[in-house]
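Hi everyone, thanks for coming. I'd like to walk you through one model today, so please have the picture open in front of you.

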Amino acid sequence: MSDQFKKQAAERAAEDVTSGMRLGIGTGSTAELFVHALARRVADGLNVIGVPTSERTRELASSLGIRLTTLDELPELDLTIDGADELDAHLALIKGGGGALLREKIVAGASAEMIVIADSSKEVATLGKFPLPIEVVPFGLKATRRAILHVLEDMGLPQNLDLRGGAEQPFLTDGGHYILDACLQEITDPGTLADRLVAIPGVVDHGLFLELATKAYVAGTDGVKTVLPI
Ligand SMILES: O=C(CO)[C@H](O)[C@H](O)COP(=O)(O)O
């Protein structure tokens, strides 16, 4: 069922794309459904250019005939469309379940608008049930991990931090970094947590996307609803 909802949200977002747009194209299963919907419109004559947020998305979009470039070639975008792991009523997000958070955030930050596409299971009152991905450089991993744990302790948050993929074969992002997933349950002050995490040397970025999304299409049993940040 959730796949059907993801498809409905993705197809609704594809309707918002108009000819001439410079698009950021997200990563994940919902974003992939958007890529398919966009490719159908491109085949019908829609003229757009896209910047993918991962190598995975680049391969799919290019195989479906969507014209692509890089953010270096096109540093200003009109619209990014991407999935999310969680969204709240302010359209604060947790992203990075697919490991593409850094490029996703850079691309969303370069875009005038960001539309989130999701099934209704992703809507939450408070962010944090989904583990927060924190992207770190491999050098000094243990020291960086300790510094993150210190911040979590200081903020009264649970100190559960897992290296994605495990120590034997850590997951590597497109940028060659590791991901630490923080199981926090309830993030009551995402702004402070975001600021404190990025201030740690060794932390590249984290999956809190604050004040980036301008609209969401959330699909569920009642159809696709439009959510604007409160
Ligand atoms: O942030 C992401 C990838 O880094 C995805 O947008 C997020 O994980 C949602 O994925 P899906 O659409 O497969 O549920």
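Which residues go to domain 1 and which to domain 2 in the domain assignment of the protein? Domain 1 covers 2–123 + 210–220, and domain 2 covers 132–206. Before I go further, please keep in mind that this is a predicted model.

Let's look at how the two domains sit together. Taken over C-alpha atoms, the centres of domain 1 and domain 2 are 25 Å apart. Twelve residues of domain 1 are in contact with 13 residues of domain 2. On the domain 1 side, helix H4 gives the most to this contact, with four residues. If you sort that side of domain 1 by class, you get six nonpolar, three polar and three charged residues.

Now, H4 spans residues 101–109, and we meet this helix again at the ligand. Both H4 and helix H2, which runs over 29–43, supply at least two residues each to the shell around the ligand. Of the two, please keep your eye on H2: the largest share of that shell, three residues, comes from H2.

How many residues surround the ligand, and which are the closest? There are 18 of them, and the closest are Gly 28, Thr 30, Gly 83, Gly 97 and Gly 98. For those of you who think in side-chain chemistry, the shell holds ten polar residues, along with four nonpolar and four charged ones.

Let's stay with H2 and see what packs against it. One partner is helix H1, residues 2–15, and the two axes lie 8 Å apart at an angle of about 45°. An angle of about 45° is neither under 35 degrees nor within 65 to 115, so H1 is oblique to H2. The crossing of H1 past H2 is right-handed. From H1, the contact uses Lys 6, Lys 7, Ala 9, Ala 10, Glu 11, Ala 13 and Ala 14. From H2, Ser 29, Thr 30, Leu 33, Phe 34, Ala 37, Leu 38 and Arg 41 take part. By class, this contact has eight nonpolar, two polar and four charged residues. You may recognise Thr 30 here, as this residue was also listed among the closest to the ligand.

Another partner of H2 is helix H3, residues 55–63. Here the angle is about 20°, with the axes 10 Å apart. That angle is under 35 degrees, which means H2 is roughly parallel to H3. H2 and H3 also make a right-handed crossing. Ala 31, Glu 32 and Val 35 of H2 meet Thr 57, Leu 60 and Ala 61 of H3. That contact is made up of four nonpolar residues, one polar and one charged.

That's my tour; happy to go back to any part of the picture.

Key. Residues are numbered from 1 along each chain as its sequence is written. This is a predicted model: local features need pLDDT of at least 70, side-chain atom pairs count only at pLDDT 80 or more; totals for chains, interfaces and linings use all residues. A residue is near a molecule or strand if its C-beta atom, placed from the backbone, lies within 6 Å of it. Ala, Val, Leu, Ile, Met, Phe, Trp, Tyr, Cys and Pro count as nonpolar, Asp, Glu, Lys and Arg as charged, and the others, Gly among them, as polar. Axes are lines fitted to C-alpha atoms, for helices over the stretch in contact, and angles run from 0 to 180 degrees between N-to-C directions. Angles under 35 degrees count as roughly parallel, over 145 as roughly antiparallel, 65 to 115 as roughly perpendicular and the rest as oblique. A crossing is left-handed if the near helix is turned anticlockwise from the far one by less than a right angle, and right-handed if clockwise. Two residues are in contact if their C-beta atoms, placed from the backbone, lie within 7 Å. Domain bounds come from an automatic or database domain assignment.
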